[in-house]
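Biologist: I would like to learn how to read the inside of a protein model, one feature at a time. Could we go through it slowly together?

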Amino acid sequence: MFAGENGLQGDPRLKAISDAIRVVPHFPKPGIMFQDITTLLLDHKAFKDTVDIFVDRYRDMGISVVAGVEARGFMFGPSIALAIGAKFVPLRKPRKLPGEVISEEYILEYGTDCLEMHVGAVQPGERALIIDDLVATGGTLCAAIRLLERVGAEVVECACVIGVPEIKGQCREIGKPLYVLVEPRQ
């Protein structure tokens with residue numbers, strides 16, 4: 001579900017967030033309109049508003065784990081986790097975490113990849129939020145969901161700053177709720 005359809009209709013923060021995101025055509029390959037959130041991070045007000053909107057949504061949901069998808073989920077996840085009193089767990093690309101990990105492969109809109117998480121970082125029964133910057137096909141989020149559910153976590157929701165309208169509020173393969181702030185810019 002988009003924030004603008006769920007209580008934030010007409011909220012000027014959403015337009016400011018969208019306006020702060022730069023579009024880079026044909027990156028990382030021809031035909032991709034890359035949504036660059038680094039420009040959002042440069043705008044302290046838009047960045048704060050982004051985190052605040054997520055914190056307002058998740059503050060009272062009993063979430064104990066905020067899992068951030070590498071790498072841009074790391075930009076938002078720790079701030080959200082601190083504000084709602086949860087721990088932050090990084091979901092990393094292969095061979096980035098020392099020690100024992102579990103992994104989950106997935107298909108991207110332009111290739112394949114894998115996510116890893118430390119064994120023991122999440123306990124059975126913990127309530128988890130997954131955060132990333134963008135959802136296009138839902139493949140990365142679905143891999144993150146599978147990874148967390150394999151260790152017994154309850155995935156409450158997935159959250160992204162940017163999302164394509166075709167996702168319609170759920171990760172297609174798994175059916176978890178999805179909360180998105182803005183649509184991709186063109």
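Biologist: Which residues have the most contacts inside the largest nonpolar core?

Modeller: In soluble globular proteins, nonpolar side chains tend to be buried together. In this predicted model, the largest nonpolar core has 30 residues, and those with the most contacts inside it are L40, F54, V66, I80 and L181. At least two residues of this core come from each of α1, α3, α4, β7, β8 and β9, while α3 supplies the largest share, six residues. There is also a second, separate core of 26 residues, which includes V69, V89, V135 and A143.

Biologist: What does L40 touch, leaving aside residues up to four places away in sequence?

Modeller: With those neighbours left out, L40 touches I17, A20, I21, A46, F47, T50, F76 and V161.

Biologist: T50 is in that list; why does T50 count as buried?

Modeller: T50 counts as buried because its relative accessibility is 0%, and buried means under 20%. This residue lies in helix α3, which spans residues 44-58, and beyond four places in sequence T50 touches I17, L40, F76, V161 and L181.

Biologist: I17 belongs to α1, where it is buried; how should I read a helix like that?

Modeller: An α-helix has 3.6 residues a turn, so residues three or four places apart point the same way. In α1, L14, I17 and S18 are buried, and because the buried residues fall within an arc of 95 degrees seen down the helix axis, they line one face of α1. On the other side of α1, P12 and K15 are exposed.

Biologist: What covers the buried residues of α1?

Modeller: The cover includes α2, α3, β8 and β9.

Definitions and conventions:
Residues are numbered from 1 along each chain as its sequence is written. This is a predicted model: local features need pLDDT of at least 70, side-chain atom pairs count only at pLDDT 80 or more; totals for chains, interfaces and linings use all residues. Side-chain values use heavy atoms; hydrogens and water are left out. Helices (H or I, at least four residues) and strands (E, at least two) are DSSP runs, numbered from the N terminus. Buried means under 20% relative accessible area, exposed over 50%, partly exposed in between (1.4 Å probe, protein chains only). Contact means heavy atoms within 4.5 Å. A nonpolar core is a set of buried Ala, Val, Leu, Ile, Met, Phe, Trp, Tyr and Cys residues joined through side-chain atoms within 4.5 Å. The arc is that of the directions from the helix axis to the C-beta atoms.
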